[in-house]
Structure formats: structure tokens, C-alpha cells
Amino acid sequence: MVNEALVNMVIKDSQPFSIVDDVIPTRKALKVMVDHKYKEAKEKAREQLQKVAAISLTSDMWTSLNMDAYLAVTCHFIDDNDKLCTILLGVEHFPNSHTAENLASGHIKLMEEWDIKDKVKCLVTDAAANMIACVRSLNVRHAICIAHALNLIVRKSFDDISTFNDIRSKCRKLVTYFRTSTTAKERLAQVQEQMGRPVLKMIIEVDTHWNSTFNMLERLYQLREPVGAALASLKTDITPPTALEYEAVRDALDVLGPFRQATVELSGEKRVSASKVNHSFCKECLQQSWKIKGSQECPLCRRRSSKPEPPDSLVLKNLCESFLRERRSSGSEEICSLHSEKLELFCLEDKQPVCLVCRDSKQHDNHKFRPISEVVSSHKEELNTALKSLQEKLQHNEEMKAEIEKTVRHIKSQAEHTEHQIKQQFKMLHQFLSREEEATVTALREEEEQKKQRMKEKLDEMNRHISALLHTIKDMEEMMKANDVCFLKEFPGSMERVQSSQPDPQMASGALIHVPRYLGNLPFRVWKKRQEYIRYSESDSRRSELDMMDGELEALHDRDR
């Protein structure tokens with residue numbers, strides 16, 4: 001009993017085999033028991049399917065977190081007790097490309113494995129082209145999952161509303177913050193407890209989950225006050241939706257609510273839901289579709305009709321009959337509701353049409369009456385007078401609208417022209433500054449070369465002077481090493497040679513580059529030089545602008561004509 005309970009827990013709760021580590025039974029033994037349980041359940045399901053005459057299948061493709069594709073197929077049937085039953089035939093790994101041929105092979109493999117190929121009467125899938133082609137190749141009736149279609153309709157509709165998408169993105173960002181931040185999550189729970197509310201968690205939107213957008217917005221709208229209080233005490237740049245945005249969320253919930261209810265109703269597994277959905281089309285449109293395609297099939301689910309004439313839609317029939325009844329009853333306003341007499345007079349006191357019986361009744365005692373035609377004529381004249389005033393206002397408003405539109409076009413043209421002029425002026429200014437920069441840098445390079453050449457000449461002169469001094473010093477040192485007689489003989493000439501040496505060279509003034517010549521008041525000098533290139537005066541500018549405006553207005557006038 002304990003082992004069986006353990007196996008049921010692992011299967012129903014999707015627990016890993018490691019749950020039994022270090023206990024009895026071992027992981028290996030548990031795996032054997034689960035496998036045995038699977039075989040028993042599969043054999044029991046196979047026996048149950050053999051007793052069934054007709055089976056419907058539902059099929060869909062799934063993707064795991066590791067981006068592996070799986071084909072899931074479920075069968076539905078009614079047992080001997082008239083109870084709707086469901087069995088998952090398999091969730092098969094599907095590494096092949098999702099072509100119609102490969103999908104059909106996967107379905108055939110499962111149907112042959114369960115020996116139900118001849119019993120399958122209908123296959124429910126989404127409206128993907130590969131799924132439709134797959135079902136056609138299997139030669140079984142095809143039904144489109146209406147819940148899936150509803151979900152696509154809702155998502156496509158909201159994707160076309162940019163303002164709602166902005167609000168939806170803001171709400172998703174806020175919900176993600178409260179779901180991923182531990183501090184924010186705990187703070188939101190504390191605020192709910194302080195307000196005396198049950199602690200609820202945020203629900204995040206998931207694209208592949210039906211109604212997830214509705215669930216996310218509904219929970220956020222329920223928690224709008226705790227969320228605002230929690231954000232006020234948290235250090236974050238995320239802001240809650242404004243009052244207008246919450247109002248838009250509420251309106252969206254009103255729109256999404258019926259779709260959620262329909263999706264839940266149509267997704268039930270304990271009851272038959274296909275009978276709640278019918279494909280209704282205009283008879284002429286349907287016959288035209290049959291004529292174009294050459295086959296009598298439903299434009300939505302592609303199901304072929306065996307009847308030459310399309311069946312009547314009870315829903316459309318009831319709507320048409322209701323419309324006709326309302327239109328026939330619209331003439332009842334000409335009959336008195338009290339006396340069923342024709343309304344011929346108009347009571348001036350009560351301001352309403354009355355019949356002849358009403359005129360003689362106590363309720364209208366001492367009242368004045370006029371024929372309806374006379375009152376209608378008078379009222380029409382009064383209304384025509386007021387209508388003329390409205391027509392004059394309309395004409396005036398249309399003229400103003402045309403003038404404003406013309407002004408808008410002129411403003412646009414004026415802005416474009418001014419922008420072009422600005423770019424041209426700055427382009428010329430950039431060119432001038434570039435030329436000035438090049439000229440200034442060229443002058444700096446020239447002075448650099450001149451200064452370097454002077455220093456090179458000075459350096460050569462210094463080298464010659466140093467060489468002469470070294471030669472003289474060497475000769476004097478050798479003379480001092482000679483004997484005394486030779487020294488005395490050479491002393492007068494050597495002394496004269498030493499005393500007659502050339503003076504030391506001096507550093508020439510102005511050897512360095514004169515930096516202030518280039519950087520001193522550089523912006524001012526450039527600006528002054530720029531004045532020479534400016535051929536623009538205030539009067540010329542105004543005259544040019546007026547000429548431009550006249551030309552643009554004339555062009556707009558010609559265009560409007």
C-alpha cells in the first residue's frame with residue numbers, strides 16, 4: 001500500500017525519482033514500479049478504447065524549456081455510461097521538421113500503436129496550414145479549435161491598439177518587478193496584511209497561455225491600491241499606472257471578460273463543447289465561395305457539406321426575425337397606446353400627440369389642440385431656421401478648418417525651408433572654420449620649420465666652436481708635458497693662442513614659437529575675419545523672408561485651386 005501510494009504521488013505530482021534517495025524503496029526500484037504502473041494503465045486504456053465505436057482526437061505541438069519539440073495527442077470518447085472520457089495517447093519527441101507529411105506520420109504512428117486508426121472520426125487542431133494539410137492527408141473530419149481561434153483574435157486585436165500595448169507593457173514591467181524582487185514581493189504582502197486583505201500574488205502574462213493577459217490585468221487591478229502603497233516605500237524608478245491607465249485596464253477587462261468565459265467554457269473536458277459553436281455565414285456569400293472554390297466546404301473549418309443547399313443558421317434566422325418584428329412595430333407610434341386610435345391631434349399643453357378620444361377625456365380637459373400636420377409644419381419651419389444657423393456655423397467651421405490646414409501646410413513648408421537654410425549656413429560656417437583652422441595650422445608649421453632651421457644652424461656653429469676648443473686644450477696639455485726649454489720657447493705663442501680664443505656663442509632671442517600669436521584672442525580674430533564674409537543685413541533678411549512667404553502662400557493657393 002505504501003509503495004502504491006508513493007508511485008501515485010510521483011506520477012500525479014510529477015516528482016523526480018531522487019525523492020526516494022537514502023530511503024526504501026530505492027530509486028531503481030521506484031522506476032521499475034512506475035514503469036509497471038504505466039504499462040497497467042496503458043493496457044487498461046487500450047481495452048477501454050477497443051469497446052468504443054468512435055473517437056475524436058485533439059493534437060498540438062509543444063516546445064520545452066530546452067526548445068525541444070513535442071507532439072501531444074489526446075483522444076476523447078463516450079463510454080457505455082454516456083460519460084465523456086479523455087486519454088492522453090502520447091507526448092512524442094518530434095525532432096523532424098513540422099511539415100504536413102511528418103505530422104501525419106506522427107499521428108498515424110500513435111493511432112496504430114493504440115489500434116484506433118479506423119475509429120478516429122474527427123481531429124481538432126489549430127488553424128496552422130501544416131496542421132490543416134496533415135488532417136486532409138489523414139482523411140478524417142477536421143475541426144478548428146475555437147478557443148485557440150478566440151485567443152488569436154483577441155491578441156491580434158490588441159496588437160493593433162498601440163496605446164493599449166503601451167499600458168500593457170507598463171503593467172507587465174510592474175508585475176515582473178514584484179515577481180522577481182524579493183523585497184518588493186514581501187513589501188506587497190505586508191501592505192495587503194495591513195489593509196486587512198487576503199495576500200495575493202501577481203500573475204505574469206505568458207504568450208502561450210490563454211487568458212494570461214486577462215489574469216495579469218485583473219490581478220493588478222485588484223491590487224492597485226496595495227501596489228501603489230508598496231511602491232511608495234520602495235526605492236525604484238518603476239511607477240504604477242495612472243488613474244486614466246487603470247481606467248483603460250478596467251475597460252480592457254470588460255472587453256476580455258466574455259472571451260475568457262467563452263474560452264473556459266469551450267476548453268472543458270468533462271462536457272461536450274463543440275455543439276456550442278457554429279459557423280454562420282451569409283447564404284449568398286457562402287454560395288459565391290463554393291462557386292469560386294468549386295467545392296462545398298466551410299470557409300473556416302474546411303468541412304465539406306453533403307447537401308446542395310447550405311443549412312439554415314438558427315442564430316441568424318432569429319436575429320432576422322427579431323429585426324423584422326422591430327421594424328414592423330416601429331409604425332405603432334402612430335396609434336394611441338391607451339385607446340388604439342389614430343393620433344390626429346397635438347396637445348399644446350402636454351406637448352404630445354393624442355387621439356380624438358384623448359381630446360374628450362378628463363385628462364385633457366380645457367386643453368388646446370391643433371392638427372398634427374399643422375404642428376409638424378410649424379415645428380419644421382422652426383427647425384429649418386435653427387438648421388440654417390447650424391449650417392452657417394458648419395460652413396464657417398469648415399472654412400476655418402481649411403484655413404488652419406492651409407496654415408499647417410505653410411508652417412511645415414516654412415520649417416522645411418528654414419531648416420534647409422540653417423543647414424546651409426552652418427555648412428558654410430563649418431567650411432570657413434575649417435579653412436581658418438587649416439591656414440592657422442599651416443602658419444604654425446611654417447614658423448616651426450623656420451625656428452628649427454635657425455636652431456640647426458646655431459647647433460652646427462656650437463659644434464665647430466667646441467671642436468676648436470678641444471683642439472686648443474689638447475695642444476696646451478701636450479706643451480705642458482714638454483721639457484723646460486721647449487716649454488719656455490713655446491710659452492709666449494701658446495699664451496697668445498689661449499687668450500685670443502673666440503667669445504662664447506649666445507642664444508638668439510625669439511628662438512621659441514610665439515604661441516600668443518596663434519591662440520591669443522583666437523575666437524575674436526576668427527569672428528572679425530568672418531565679418532568680411534558676411535553679406536547679410538536685417539533688412540535683407542526680412543525682405544528675403546517676406547519674399548519666401550509670399551512665394552509659399554502663392555504655391556499653396558495654386559495647389560488648393
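Leaving aside neighbours within four places in sequence, which residues is Asn165 in contact with? The partners are Phe158 and Asp159, where contact means heavy atoms within 4.5 Å. Asn165 has its place in helix H6, and at 19% relative accessibility it counts as buried. Here buried means under 20% relative accessible area, exposed over 50%, and partly exposed in between, with a 1.4 Å probe and protein chains only.

**Ground rules and confidence**

This is a predicted model, so local features need pLDDT of at least 70, side-chain atom pairs count only at pLDDT 80 or more, and totals for chains, interfaces and linings use all residues. Residues are numbered from 1 along each chain as its sequence is written, and side-chain values use heavy atoms, with hydrogens and water left out. The chain averages a pLDDT (the predictor's confidence in each residue, from 0 to 100) of 80, and 83% of the residues score at least 70. Confidence is lowest in helix H18 (residues 538-560), at a mean of 51, and highest in H7, at 92. Helices (H or I, at least four residues) and strands (E, at least two) are DSSP runs, numbered from the N terminus.

**The sheet**

Let's turn to the strands. An open sheet is formed by 5 strands in the order S3-S2-S1-S4-S5, with mixed pairing; two strands pair if DSSP finds at least two bridges between them. Strand S3 (84-93) and strand S5 (141-144) stand at the edges with a single partner strand each, so one side of each is left without a neighbour in the sheet. On average, neighbouring strands of this sheet are turned by 25° against each other, direction ignored.

Strand S2 (residues 69-78) pairs with S3 in the antiparallel sense over 9 bridges, and Ile78 stands opposite Leu84 in S3. Helix H2 (residues 27-50) lies across strand S1 (55-63), S2 and S3, and runs at about 125° to S3. Axes are lines fitted to C-alpha atoms, for helices over the stretch in contact, and angles run from 0 to 180 degrees between N-to-C directions.

**The cores**

In soluble globular proteins, nonpolar side chains tend to be buried together. A nonpolar core is a set of buried Ala, Val, Leu, Ile, Met, Phe, Trp, Tyr and Cys residues joined through side-chain atoms within 4.5 Å. The largest such core has 29 residues, of which Phe178, Met202 and Val227 touch the most other members. Helices H5 (146-159), H6 (162-180), H7 (182-194), H8 (212-222), H9 (224-232) and H10 (243-266) each supply at least two residues of this core, and the largest share, 7 residues, comes from H6. Not counting residues up to four places away in sequence, Val227 touches Leu174, Phe178, Leu188, Met202 and Leu220. A second, separate core of 27 residues includes Leu71, Ile87, Ala104 and Leu110.

Why is H8 largely enclosed by the rest of the structure? The reason is that 8 of its 11 residues are buried. Among them are Phe214, Met216, Arg219 and Tyr221. The buried residues of H8 pack against H5, H6, H9 and H10.

**Two loop asparagines**

Two residues other than glycine with a positive phi are worth a look.

| Residue | Phi | Loop between | Relative accessibility |
|---|---|---|---|
| Asn139 | near 60° | helix H4 (129-138) and S5 | 72%, exposed |
| Asn366 | near 65° | helix H13 (356-360) and strand S8 (369-371) | 71%, exposed |
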